Amino acid sequence: MSHTVVAELVANVLKITAQAGDSVGPQDTLVILESMKMEIPVLAEVAGTITELRVSEGEVVRDGDPIAVIEES
């Protein structure tokens, strides 16, 4: 089963900390967003393998935009 992690606010993608193919746990950081000079980590939410990252550093995401797809294990 696939799980899509989405942005919860409008923000810049400051740093990508995971890659497609990485195994992640529910509290692992995938990317760090920056909004109003605050850094906000985006967590995996489920355990599994990242099959797709849909953002790049410097990109602006909006509420509901997909960030990553994780195949649950």
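The legends below describe several views of a predicted model.

Residues are numbered from 1 along each chain as its sequence is written. Because the model is predicted, local features need pLDDT of at least 70 and side-chain atom pairs count only at pLDDT 80 or more, whereas totals for chains, interfaces and linings use all residues, and side-chain values use heavy atoms, with hydrogens and water left out.

**View 1. The whole protein chain is built from eight strands and zero helices.**
Along the sequence the pattern reads β-β-β-β-β-β-β-β, where helices (H or I, at least four residues) and strands (E, at least two) are DSSP runs numbered from the N terminus. The radius of gyration of the protein chain is 11 Å, close to the 11 Å that the globule rule gives for 73 residues, so the chain is as compact as a globular protein of that length; this radius is taken over C-alpha atoms, and the rule is 2.2 Å times the number of residues to the power 0.38. The C-alpha trace spans about 35 × 20 × 15 Å along its principal axes. Of contacts between residues at least 6 apart in sequence, 58% join residues at least 24 apart, a contact being heavy atoms within 4.5 Å.

**View 2. The surface of the protein chain carries an accessible area of about 4,300 Å².**
Carbon and sulfur atoms account for 51% of that surface, as computed by the Shrake-Rupley method with a 1.4 Å probe, and for residues only the protein chains shown count as cover. Buried residues make up 32% of the 73 residues, where buried means under 20% relative accessible area, exposed over 50%, and partly exposed in between (1.4 Å probe, protein chains only). The chain has 4 positive and 13 negative side chains, and the centres of the two sets lie 9 Å apart; Lys and Arg count as positive and Asp and Glu as negative, while His and the chain ends are not counted, and each charge is placed at NZ of Lys, CZ of Arg, CG of Asp or CD of Glu.

**View 3. One open sheet holds four strands in the order 5-4-2-7, with antiparallel pairing.**
Strand 5 (38–43) and strand 7 (60–61) stand at the edges, each with a single partner strand, so one side of each is left without a neighbour in the sheet; two strands pair if DSSP finds at least two bridges between them. Strand 4 (residues 29–35) and strand 5 run antiparallel and are joined by six bridges. Within this pairing, Ser35 has Met38 of strand 5 as its bridge partner, and Ile32 has Pro41 of strand 5.

**View 4. The hairpin of strand 4 and strand 5 has two residues between the strands.**
Met36 in this hairpin takes a positive phi near 50°. Lys37, in the loop between strand 4 and strand 5, has a phi near 65°, a positive value in a residue other than glycine. Most residues other than glycine have a negative phi. Lys37 is exposed, with a relative accessible area of 81%.

**View 5. Glu45 lies in the loop between strand 5 and strand 6 (48–53).**
The phi of Glu45 is near 75°, again a positive value in a residue other than glycine. Glu45 counts as partly exposed, at 39% relative accessibility.

**View 6. A further open sheet of four strands has the order 1-8-6-3 and antiparallel pairing.**
Its edge strands are strand 1 (2–6) and strand 3 (23–24), each of which pairs on one side only. Strand 6 and strand 8 (residues 66–72) run antiparallel, with five bridges joining them, and Leu53 stands opposite Ala68 in strand 8.

**View 7. Leu9, in the loop between strand 1 and strand 2 (11–16), meets residues distant in sequence.**
Leaving aside neighbours within four places in sequence, Leu9 is in contact with Leu33, Ser35, Ile40, Val61, Arg62 and Asp63. Leu9 counts as partly exposed, at 27% relative accessibility. The C-alpha atoms of Leu9 and Asp65, 56 residues apart along the chain, are separated by 8.9 Å.

**View 8. Asp63 lies in the loop between strand 7 and strand 8.**
With neighbours within four places in sequence left aside, Asp63 is in contact with Ala7, Glu8, Leu9 and Val10. From C-alpha to C-alpha, Asp63 and Ala7 are 5.2 Å apart in space, although 56 residues apart in sequence. At 56% relative accessibility, Asp63 counts as exposed.
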